[in-house]
Every structure is written in C-alpha cells, then in structure tokens.
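Hi everyone, thanks for coming. I'd like to walk you through a fold today, one piece at a time. Have a look at the picture first.

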Amino acid sequence: MPAREGLGLPRSQRLSFSGSLAELHLDDLTEDGVVLSIGGAEQSHVEVGDPGFLLHDYLIRMAAVLQTCARERLSARGAHQAPQILHLGAGALTLPRWLEHHFPEVEQTVLDIEPELVEFVLEHLPMRTLPHNLIADAAAAIAPGGVLEGRTFDVVVVDLFNSAEAPAQLTSTQFHARAFEQVAPGGLLLMNLGDEPPMDFVRAQVASLLEASAGLGTSNDSALLSAPTDVLEALAEGNLTFAARRSAPLEQTELNAIWAAGPHPGDVLSGEELHQWAQQATRGFPRRTSH
C-alpha cells in the first residue's frame with residue numbers, strides 16, 4: 001500500500017496572515033506524492049516515505065549545489081556545533097526533508113510569515129527532527145533588531161516570492177545584502193528565482209545579488225546560476241537557482257559537477273559569463289535598492 005494512504009488527505013487550513021487556504025492533497029504524478037497548495041496555487045511536492053526524492057527542476061539543481069559545494073561543511077561529524085541551515089520560506093519543507101535525509105547532523109531553522117503553515121504541514125507530513133520554527137516577515141527578521149540579527153548559518157536558503165510580483169522589501173539590494181550577512185564565511189546562499197521571457201526581472205535580481213555579494217568581498221567567481229537552457233535563453237518561463245559562497249570562489253571542477261548533475265538540457269553560468277547575462281535586460285527592469 002502506498003505510504004500516503006494513511007494520511008487522511010485532503011486536509012486544509014486557513015492561513016491567518018494572507019487569508020488564503022492551505023491544502024494538502026494527493027499528487028497523481030507519483031505513487032506517494034503529496035502537494036501543498038496555497039490559494040489554489042501549487043507550492044510544494046513531498047514524496048511520502050522518500051525524502052530523498054525531488055520532483056521539481058529547481059530543487060534538483062539546489063540539491064546538486066549542496067552536494068557539490070557544501071557536502072563537507074554539512075557532514076561535519078563531531079564538530080563543536082552542528083551545521084546550521086536557515087530557510088526563508090517554508091512551503092511543505094521539501095528541501096529541509098531532503099537535507100535531513102542526506103545530512104542528519106544538521107540543525108535547521110525555518111521562517112515563514114504564516115503562523116499556522118509549518119505546524120499544519122508537520123501535523124500531516126511529520127519530519128524525524130523538528131526544525132526550529134520562526135514566524136516573521138523575512139525582511140524584518142534579518143534587518144537590524146530582527147529576530148535573526150547577529151546569527152550566521154552554514155547555508156541560507158531563500159525560497160519566497162519568485163516572480164516580478166514579489167514585494168519590494170524581498171527583492172531589494174538591501175535585502176540581498178542582509179541575506180548574505182546571515183551566511184558564515186565559506187558558507188552558501190541559495191535562492192530560488194522565477195520569471196518569464198525576456199527575463200528582465202530575474203536578470204535585475206541576479207545583478208542585485210552580485211552587487212550585494214561584492215559589498216561583502218565576494219567576487220562573481222563565487223556565484224553561479226543554474227537553470228534549464230530554454231529558461232536561460234529567455235525562450236520559456238521557469239525557475240532558476242542562484243548560489244553564492246561567501247568569501248570563497250567556486251572551483252571549475254565544482255561548476256562542472258553541478259552541470260553534470262543536471263537536469264538536462266541545462267546550463268550553469270558563473271564569473272564574467274554570469275555578470276554579462278545579468279546585464280542583458282531588454283526593457284530596463286528597475287533595480288530596487290532599498291526596502
């Protein structure tokens with residue numbers, strides 16, 4: 001019997017911040033898939049009983065970056081402190097489940113603005129180890145005086161709004177700089193971005209991220225963008241994975257390994273090639289410099 005059969009789905013929960021309805025329901029794409037939808041829009045896929053399985057392209061690309069660029073840091077057995085991971089944006093906790101599966105030593109903190117979301121998800125799709133659950137606006141949490149002020153993490157994952165409709169406080173260079181400040185030296189920032197042709201919004205976001213990282217002494221050689229080829233060529237809408245390692249460049253062998261991990265067809269941009277890609281906006285999407 002499929003592992004999801006005993007979950008009593010569908011289940012729903014009204015979210016008090018947005019007023020939207022969160023729903024967990026079965027996914028016909030896989031045998032044990034469960035989908036989280038919010039306001040009728042699909043947010044996350046969880047494969048019940050197999051946290052190592054990732055369905056969506058951008059999560060597979062994020063996993064490839066983590067396996068290649070952060071494996072040693074996240075596998076630090078016997079370290080004085082467990083590796084720390086921060087997730088800005090919760091969804092159904094798909095990536096936290098994957099990280100717990102591959103790197104059981106890590107401690108994870110999940111932040112979301114919806115007070116009921118994480119508890120609702122964990123009630124019906126539990127994890128072996130509960131993440132620390134913070135309820136806050138992401139921009140406020142990492143601002144001076146915010147709940148995360150002064151803390152740093154080995155990995156910071158930003159998976160919030162990923163389109164041009166995102167609130168200004170989550171897309172400004174100031175927000176990007178503060179997100180980088182949460183990353184410990186040698187640690188990794190991962191961000192899910194999304195757009196449609198001609199990709200002006202996401203190009204402006206990447207340019208802002210590169211500017212923010214440069215302000216902390218991190219060069220373009222420390223950053224990468226991984227996505228399907230047709231998305232990078234502005235021929236199709238989709239998601240793109242941005243990653244940057246603070247204060248440490250990415251090696252060509254690492255970039256090659258991330259490309260080889262796929263999915264294909266896809267590409268990985270870094271260094272000057274990434275900088276040039278970010279500058280190719282066709283209609284001058286405004287870059288937000290403050291919140």
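Let's start with a word we'll need: a residue counts as buried when its relative accessible area is under 20%, and as exposed when that is over 50%. Also, please keep in mind that what you see is a predicted model.

Now, with that cut-off, look at strand β10, residues 223–228. How many of the residues of β10 are buried? Six of the six, so the strand is largely enclosed by the rest of the structure.

Who are the partners of β10? One is β11, and the two pair in the antiparallel sense over four bridges. If you want a spot to look at, find L225, which stands opposite F242 in β11. The other one I'll show you is β12, joined to β10 by five bridges, again antiparallel. Here you can pick out S226, whose bridge partner in β12 is V268.

Okay, next up is helix α9, which covers residues 252–261. Its buried residues are E254, L255 and I258. Why do they end up on the same side of α9? Because they cover an arc of only 100 degrees around the axis. And what do those buried residues pack against? Here we meet our strands again: β10, β11 (238–245) and β12 (266–270), together with helix α1, residues 57–69.

Flip to the face of α9 turned away from that buried side, and you'll find Q252 and T253, which are exposed. Then, just after the helix, comes G262. The phi of G262 is positive, near 75 degrees.

Let's move to another part of the model. Here four strands make an open sheet, in the order β1-β2-β3-β4, with antiparallel pairing. At the edges you have β1 (11–14) and β4 (41–47); each has a single partner strand, so one side of each is left without a neighbour in the sheet. As you go from one strand to the next, the twist averages 20 degrees.

Zoom in on β3, residues 33–38: six bridges join this strand to β4, and the two run antiparallel. One pair to click on is V34 in β3 with its bridge partner V46 in β4.

Last piece: what lies across this sheet's strands β1, β2 and β3? That's helix α4, residues 117–124, running at about 20 degrees to β2, which is residues 21–26.

That's my tour, so over to you for questions.

Conventions: Residues are numbered from 1 along each chain as its sequence is written. This is a predicted model: local features need pLDDT of at least 70, side-chain atom pairs count only at pLDDT 80 or more; totals for chains, interfaces and linings use all residues. Side-chain values use heavy atoms; hydrogens and water are left out. Two strands pair if DSSP finds at least two bridges between them. Axes are lines fitted to C-alpha atoms, for helices over the stretch in contact, and angles run from 0 to 180 degrees between N-to-C directions. Contact means heavy atoms within 4.5 Å. Buried means under 20% relative accessible area, exposed over 50%, partly exposed in between (1.4 Å probe, protein chains only). The arc is that of the directions from the helix axis to the C-beta atoms.
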